[in-house]
Amino acid sequence: MRYLLKSAAVAFAAALALTAGAAEAQAISASPAAVQAGSYKLDPAHSKITWSVTHFGFSTYVGQFASVNGTLKLNPKAPANDAVNVTVDTGSIGTLNPALDTHLKSKEFLDVATFPTAAFKATKVTVTGERTANIDGQLTLHGVTRPVVVHAVFNQGGANPLDKKYSLGFAGSAKIKRSEFGITAYVPAISDDVTLTIEAEFKAVPAA
């Protein structure tokens with residue numbers, strides 16, 4: 001009986017250790033070093049790209065691309081080898097002004113009938129700080145591909161409190177000149193420079 005009790009105690013302690021280890025691995029952390037390596041898929045419900053331009057010098061006008069999809073392969077021990085691929089539905093552009101949305105989708109601007117998607121593919125990741133990195137990549141927009149640098153900030157990683165799935169969160173920013181992508185309408189009255197602000201949540205993809 002004593003042997004059985006001792007074995008049960010050892011098994012219970014081992015189970016507690018495993019549970020604690022799993023909980024620690026899922027714990028929310030703002031440290032990139034604590035991130036779980038692996039493959040991730042963008043959560044489109046909680047990821048948006050906001051753009052802004054100056055409007056005839058009177059204001060800064062803001063809109064969003066609401067439909068964004070993407071994948072991430074990440075290893076915190078070798079960030080230079082991380083891979084990021086993002087696709088944007090250009091028809092998802094929104095400004096809360098239906099008439100303007102229609103105009104932005106027309107041939108004068110995005111021409112979404114001809115170019116229904118934009119895409120970004122990372123080519124290099126350079127760590128610039130404890131939680132920051134520059135992501136060099138190729139942006140394809142309006143049928144033109146040009147280099148763009150996204151300045152990224154790691155928000156945190158860990159189990160999402162709602163769905164319990166291991167998740168990562170990032171913020172990012174980039175600037176492009178729309179004329180370089182063939183979108184020249186009303187330049188410079190509506191600024192050539194476009195600021196992109198990115199919020200992205202990724203969910204871990206279970207290993208096969």
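Is Arg 146 buried, partly exposed or exposed? Arg 146 counts as partly exposed, because its relative accessible area is 31%. Keep that residue in mind, since we'll come back to its partner. First, a quick caveat: what you have here is a predicted model.

Let's start with the overall layout. The protein chain is built from two helices and eleven strands, and going along the sequence you'd read them off as α-β-β-β-β-β-β-α-β-β-β-β-β. Of its 208 residues, 33% count as buried.

Now for the charged pairs. The count of salt bridges comes to four, and three of them are worth a walk-through here. Back to Arg 146: its side chain meets that of Glu 180 in a salt bridge, with N to O at 3.1 Å. Glu 180 sits in the loop between E10 and E11 while Arg 146 belongs to strand E9, so this pair ties together parts that are 34 residues apart in sequence. Glu 180 is partly exposed too, because its relative accessibility is 37%.

The next pair is Asp 163 and Lys 203, whose closest N and O atoms are 2.8 Å apart in a salt bridge. Here the loop between E9 and E10 holds Asp 163 and strand E11 holds Lys 203, so the contact ties together parts that are 40 residues apart in sequence. The two ends come out in separate burial classes: Asp 163 is partly exposed at 33% relative accessibility, whereas Lys 203 is buried at 13%.

Then there's Lys 107 with Asp 111, a salt bridge at 3.9 Å from N to O. If you're wondering how that sits against the criterion, the cut-off is within 4 Å. Lys 107 is exposed, given its 65% relative accessibility, but Asp 111 is buried at 9%.

What about charged residues that are buried and have no salt bridge? The loop between E10 and E11 gives us a couple to look at. Asp 192 is found in that loop, and it is buried yet has no salt bridge. Which side chain of opposite charge is nearest to Asp 192? That would be Lys 177, 4.6 Å away. A salt bridge needs a side-chain nitrogen within 4 Å of a carboxyl oxygen, so a separation of 4.6 Å doesn't qualify. Asp 192 does have a polar contact, though: its side chain pairs with the side chain of Ser 179 at 2.8 Å.

Arg 178 is in the loop between E10 and E11 as well. This arginine is also buried without a salt bridge, and the nearest side chain of opposite charge is Asp 192, at 4.9 Å. Instead of a carboxylate, look at the backbone: the side chain of Arg 178 reaches the backbone oxygen of Ser 191 at 2.9 Å.

While you're in that loop, check the backbone geometry. The peptide bond from Val 187 to Pro 188 is cis, with omega near 5°, and Pro 188 has its place in the loop between E10 and E11. As background, most peptide bonds are trans, and most residues other than glycine have a negative phi.

That brings us to a couple of phi values on the positive side. His 142 has phi near 60° and is placed in the loop between strand E8 (132-141) and E9. Lys 164 has phi near 70° and is found in the loop between E9 and E10. Their surroundings contrast: His 142 is buried, with a relative accessible area of 15%, but Lys 164 is exposed, with 58%.

Finally, a pocket. The second largest one has a volume of about 190 Å³. Its lining is made up of 15 residues, and Gln 156, Asn 160, Ser 167, Gly 169 and Glu 201 are the ones that lie nearest its centre. Where does that lining come from? Strands E9 (144-159), E10 (166-177) and E11 (193-204) each supply at least two residues, and E9 gives the most, with five. By chemistry, the lining splits into six nonpolar, seven polar and two charged residues.

Conventions: Residues are numbered from 1 along each chain as its sequence is written. This is a predicted model: local features need pLDDT of at least 70, side-chain atom pairs count only at pLDDT 80 or more; totals for chains, interfaces and linings use all residues. Side-chain values use heavy atoms; hydrogens and water are left out. On a 1 Å grid over the protein atoms alone, a cavity is a set of points where a 1.4 Å probe fits but cannot get out, and a pocket is an open set with protein on both sides within 12 Å along at least five of seven lines; lining residues have an atom within 4 Å of a point. Grid points are joined across faces, edges and corners, and a volume is the space filled by probe spheres set on the points. Helices (H or I, at least four residues) and strands (E, at least two) are DSSP runs, numbered from the N terminus. Ala, Val, Leu, Ile, Met, Phe, Trp, Tyr, Cys and Pro count as nonpolar, Asp, Glu, Lys and Arg as charged, and the others, Gly among them, as polar. Buried means under 20% relative accessible area, exposed over 50%, partly exposed in between (1.4 Å probe, protein chains only). Lys and Arg count as positive and Asp and Glu as negative; His and the chain ends are not counted. A polar contact is a pair of N or O atoms within 3.5 Å; within protein, one must be able to donate a hydrogen and the other to accept it, and residues adjacent in sequence count only if both atoms are side-chain atoms.
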